[in-house]
Amino acid sequence: MKKIFTLFAGLVAALAVQAQSDFPLQFADKDGNIIADGSVLNLTTAEKDDFDAVQMPSGLYVKNTTNADVQGGGAYTITSLSNGAFQTCFPTNCVSNNRTGSYETSNGTIAAGELKSMQTEWLPVDNGTCVVTYQLVTYKQNVITKQWQKDKTGPTITLKFTYDPTGINSTTQNKNVRSVEYYNLTGRRVQAPAHGMYIVKTIYVDGTTTCRKHLYK
Amino acid sequence: MSGSKLFTICLSLGIFLLTACDHIAEGDELIHVKQEPAQRVVLLEDFTGQRCVNCPLGSEVIEQLQEAYGDNVVAVGIHGGPLGFKGNAKNVGLATDLGDEYYNHWNLEYQPVGLINRHGAVNYADWAKVVKEELAKTAAIGMTASATLQDGTINIVVEAAGKEGTVSGKLQVWVLEDGITAMQMMPDGSTNRDYVHNHVFRAAVNGSWGDIFTINEAETMKQTLTQAVDASWNTANLSIVAFVYNDNGVEQAVKTKVISEK
């Protein structure tokens, strides 16, 4: 009986993983490499923008992996915000939040095959952290009211920003994520993590890398 | 004489007496002529910001609307909110404290976002549809305005004519400026240092929320106001927007260019 339960639970989990990888919208880096569902990005590089404000870009993009336009958006929860504001300009409007809580973006069209920058960043004003869990959402149109309503939820990513004012870079340096690679505990690279412990290697545009262990549930 | 005959005679006499003086000479009759409804002008308040990467997309929609509907759409770019920029030693900022006040008053949550005749927040993707709906409505008042610049002061005259019923609310008058070159974040994440901002809200002439206003059908009113020119404004590109609003939204709006008097 215990084995049947374990097998059933495993099947459900496998289907869930499959469902997320089949979701039409995926988080990606600037080159279109898919960032796996459940990934945690540790972001430590800050830069001064042209308005003399400090910003910590996420470097996140969203990719429509299908051959059809998708009506999409996002839902995110700011679980920690030491100071400043978390800002996201996806998919059609810009929202700036200066307190923790759960929020939703408006919805908009992501064209077939489009790789769309999320223009998502933390604007700190002092040292500290900002932690945000972001989930992609698709919308469908109500045939009677013509209003868009949430349809399905997709992959989730966690952004962990840590700001140290002494480490600020100039405007020309940008610690955007180039790609993310996953390795199982035997050291073999996998396309996307399923369940269990993996080594996540994040490669940044400036050539630097970070490695960390992550448990995918 | 029976009771019913007496009643009939009394009734006939009463009707005769009541109608005997009904004849009014031709030309002396008071005929109520309904006022022609005024053409509706739509006010679009675009809450925008120089640090808002998607805000230029809203400006593009406004350009299309003004191309399609001309003076029947009055757009005002109100810089403020979390993505507004008030300027620093190096760069011109277009956000104002009043822009922030308006953004917060309407409980707006994202940018760009528009108020179209003040019927609630509208995402820029829906502006064209809502403007079209508003243009199809008639207006209960007509408005005209003129503005002349003399010795650093703008002299403004706003006239209104009641067309239907009584309209109560507030008359608000604003100064706008076109053609301001200032930095703007663009949808691709880049910064355009030579972006040209149009219909930028500069100041409220008669207080943040305007003056009390009431007009009855067939009445006319005229109000004169003055506004000192700020040193940072380009007087060649100034306009005045006047509108009447109440709890039902904006009843009517008008825009006029500020003309320099030699």
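Start by selecting chain B: of its 262 residues, 38% count as buried. Remember as you look around that this is a predicted model. Colour chain B by secondary structure and you'll find four helices and 18 strands. Turn on contacts too, if your viewer can draw them. Among the chain B contacts with a separation of 6 or more, 72% link residues 24 or more positions apart.

**Stop 1: two helices in chain B**

Select residues 55-69 of chain B, which form helix H2, and residues 127-135 of chain B, which form helix H4. How far apart are the axes of these two helices, and at what angle do they pack? The axes sit 10 Å apart and the angle is about 30°. That angle is why H2(B) counts as roughly parallel to H4(B). Look at how they cross, and you'll see a right-handed crossing of H2(B) and H4(B).

Now show the side chains where the pair meets. From H2(B), pick B:Val61, B:Leu65 and B:Tyr69. They meet B:Trp127, B:Ala128, B:Val131 and B:Leu135 of H4(B). The residues of this contact between H2(B) and H4(B) are seven nonpolar, with no polar and no charged ones.

**Stop 2: B:Ala140**

Stay in chain B and select B:Ala140, in the loop between strand S6 (138-139) and strand S7 (141-150). Is B:Ala140 buried or exposed? B:Ala140 is buried, because 21 other C-beta atoms lie within 10 Å. Next, bring up the residues that B:Ala140 contacts, skipping its neighbours within four places in sequence: B:Lys163, B:Glu164, B:Gly165, B:Val167 and B:Glu251. Try a distance label from B:Ala140 to B:Val167: these two are 27 residues apart along the chain, and their C-alpha atoms are separated by 7.2 Å.

**Stop 3: B:Pro112 and B:Asn117**

Go to B:Pro112, in the loop between helix H3 (97-105) and strand S4 (113-116) of chain B. Zoom in on the peptide bond joining B:Gln111 and B:Pro112: this bond is cis, with omega about 0°.

On the other side of S4, in the loop that runs to strand S5 (121-123) of chain B, select B:Asn117. Check its backbone, where phi is positive at about 55° although B:Asn117 is not a glycine. B:Asn117 has 26 C-beta neighbours inside 10 Å, so B:Asn117 counts as buried.

**Stop 4: B:Asp178**

Jump to B:Asp178, in the loop between strand S9 (167-177) and strand S10 (180-181) of chain B. With 16 other C-beta atoms within 10 Å, B:Asp178 is partly exposed. Which residues does B:Asp178 touch, not counting those up to four places away in sequence? Select B:Asn198, B:His199, B:Asn237 and B:Ser239 to see them. For another distance label, pick B:Asn192, 14 residues from B:Asp178 along the chain; the C-alpha atoms of the two are separated by 17 Å.

**Stop 5: over to chain A**

Switch to chain A and select A:Pro91, in the loop between strand S7 (85-88) and strand S8 (95-97). Here the peptide bond from A:Phe90 to A:Pro91 is cis, and omega is near -15°.

Then select A:Asp52, in the loop between strand S3 (47-48) and strand S4 (54-57) of chain A. This residue is not a glycine, yet phi of A:Asp52 is positive, near 70°. A:Asp52 counts as exposed, because its C-beta neighbours inside 10 Å number 12.

**Stop 6: where the chains touch**

Show both chains together. How many residues does each chain bring to the contact? Chain A brings 14 residues and chain B brings 19 residues. Colour the chain A side by residue type, and you'll get five nonpolar, seven polar and two charged residues.

**Last stop: confidence**

Finish by colouring everything by pLDDT. Chain A averages 84, with 78% of its residues scoring at least 70. Select residues 170-174 of chain A, where pLDDT is below 50; this stretch has ten contacts in the model beyond near neighbours in sequence. The mean for chain B is 90, and 86% of its residues reach 70 or more. In chain B, select residues 16-21: pLDDT stays under 50 there, and the model has zero contacts for them beyond four places in sequence. Where pLDDT is low, don't read the predicted coordinates in detail. For the model as a whole, the scores are ipTM 0.73 and pTM 0.77.

Notes: Residues numbered from 1 in each chain as written. Chains lettered and ligands numbered in written order. Predicted model: local features only at pLDDT ≥ 70, side-chain atom pairs only at ≥ 80, totals over all residues. pLDDT = per-residue confidence, 0-100. Contact = placed C-beta atoms within 7 Å. Nonpolar A, V, L, I, M, F, W, Y, C, P; charged D, E, K, R; others polar. Axes fitted to C-alpha atoms, helices over the stretch in contact; angles between N-to-C directions. Parallel < 35°, antiparallel > 145°, perpendicular 65-115°, else oblique. Left-handed = near helix turned anticlockwise from the far one by under 90°. Buried ≥ 20, exposed ≤ 12 C-beta atoms within 10 Å, placed from the backbone.
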